[in-house]
Amino acid sequence: MRSLNKILVTGGAGYIGSITTHELINAGYDVIVFDNLYQGHVEAVHPKAVFVQGDLADTAAVKALFEAHDGIDGIMHFASYTLVGESMEKPLMYLRDNLVNAANLLEAAVAHGVTRFILSSTANLFDVPPDREFGVIDEQFPINPGSPYGESKFFIERMLHWFHRIYGLKYACLRYFNACGGLPDRGEDHYPETHLIPLVLQVALGQRPHVTIFGDDYPTRDGTCVRDYIHVVDLAHAHILALEALDRLQVRHYNLGNGTGYTVREVIETARQVTGHPIPAVVGPRRPGDPAVLVASSEAIRRELGWTPQYPDLKEIIRSAWDWHRTHPHGYGTR
Ligand code: UFG
């Protein structure tokens, strides 16, 4: 029997957390989901997971969680505020709350002997000026968070560094580029929605008249921003591989993307092909803070853990998102 069985997933009712929980349970793990349902949906929690509704800001609730569930073998920490734009308007929500909540979790984790931790981190650690192209971004790329959101994740990475040095906590930070796609019964349901692919698919569903392209004067092949879209199930598998390798690796930071960039116009055109809908698009001004190109090099995780994306093709990614959106036009139906 493997030594890893019981995994705590914070934010397991959210988009990436719920799909990772689904993959963990498919792989035979026992999962405890801890989520305050601020952005998450109880309907997204896998029925075989133990669900505890609670807030990481509530130290008594966190303590009770660890006391009720002895012998947690690893933690995957997704629960946090995650919107770049919102963090520019409400910096303390990110710089204080994301940090304090992670500190509360880590304090309880080490007090209860947990030795493995996977952090949901972000490509927003790498702020690149809007008018320069840098090629692919690997783990050696200089860190310069692009927003209070990215900074909060970087602070948590640094907190983990010290928890490793002082308490021996083994950890991996997974810095995702643009997470997207879904499973037939789990997908994106954010309010308000700000992400490109769900917005485009809402146009195809007739819920919006058009999508706005945020700027078409970037130095890219068609003038619109280039991003590296990565399927959420491929992200989930990276979490599981990293968790299972931690005893050997001790500490790792991995950038996670497909290594291929697509422009905003290419995403819209692919969505037209997948949905058969004309998806009208209008060009608007640039969105402040958007770099022209963000594409990952994921060579390190491919080489060290044998991670290979199963859904590298944008069309397949959008098709999986479309399957979710057209069968769940109002998401989980809870808002
Ligand atoms: N975009 C539009 N119109 C829209 C929405 C988005 O043109 O209505 C464009 C954006 O300008 C950007 C691209 O589509 O060029 C993707 O935008 P998203 O909002 O979907 O994603 P971001 O690249 O801004 O951010 C995502 C995650 C962040 C994470 C970041 C890391 O949402 O949490 O990737 O790169 F930090």
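1. Which residue has a polar backbone atom 3.4 Å from an oxygen atom of the ligand? In this predicted model, the residue is Thr 82, and the contact is made through its backbone, with an oxygen atom of the ligand on the other side of the pair. Two further contacts involve side chains: an N or O atom in the side chain of Asn 178 is 2.8 Å from an oxygen atom of the ligand, and a polar side-chain atom of His 195 also lies 2.8 Å from a ligand oxygen. As for the cover that the protein provides, the ligand exposes 690 Å² when it is taken alone, and the protein buries 90% of that area.

2. The surroundings of the ligand can be described next by element and by residue. Helix H6, which spans 196-204, and strand S8, which spans 211-214, are the elements that give two or more residues to the shell around the ligand, and S8 supplies the largest share, with 3 residues. There are 22 residues around the ligand, and those that come nearest are Thr 122, His 195, Thr 212, Arg 287 and Asp 290; His 195 is thus among the nearest residues and also has the polar side-chain atom at 2.8 Å. Sorted by class, the shell holds 12 nonpolar residues, 7 polar ones and 3 charged ones.

3. Helix H6, which contributes to the ligand shell, also takes part in a helix crossing. Its axis and that of helix H8, residues 264-275, come within 10 Å and cross at roughly 40°. An angle of 65 to 115 degrees would count as roughly perpendicular and one under 35 degrees as roughly parallel, and H6 and H8 are therefore oblique to each other. The crossing in which H6 passes H8 is right-handed.

4. Helix H8 has a second crossing to consider, this time with helix H10, which covers residues 314-327: the two axes come within 9 Å and cross at roughly 60°. H8 and H10 are therefore also oblique to each other, and H8 passes H10 in a right-handed crossing.

5. Two details of the backbone deserve a careful look when the model is examined. The peptide bond from Tyr 191 to Pro 192 is cis, with omega near -5°, and Pro 192 lies in the loop between strand S7, residues 178-180, and H6. Gln 250, although it is not a glycine, has a positive phi of about 70°; its place is in the loop between helix H7, residues 232-249, and strand S11, residues 251-256.

Key
Residues numbered from 1 in each chain as written. Predicted model: local features only at pLDDT ≥ 70, side-chain atom pairs only at ≥ 80, totals over all residues. Heavy atoms only, no water. Near = heavy atom within 4 Å. Polar contact = N/O pair within 3.5 Å; in protein donor to acceptor, adjacent residues only side chain to side chain. Areas by Shrake-Rupley, 256 points an atom, 1.4 Å probe, with all protein chains shown as cover. Helix = DSSP H or I, 4+ residues; strand = E, 2+ residues; numbered from the N terminus. Nonpolar A, V, L, I, M, F, W, Y, C, P; charged D, E, K, R; others polar. Axes fitted to C-alpha atoms, helices over the stretch in contact; angles between N-to-C directions. Parallel < 35°, antiparallel > 145°, perpendicular 65-115°, else oblique. Left-handed = near helix turned anticlockwise from the far one by under 90°.
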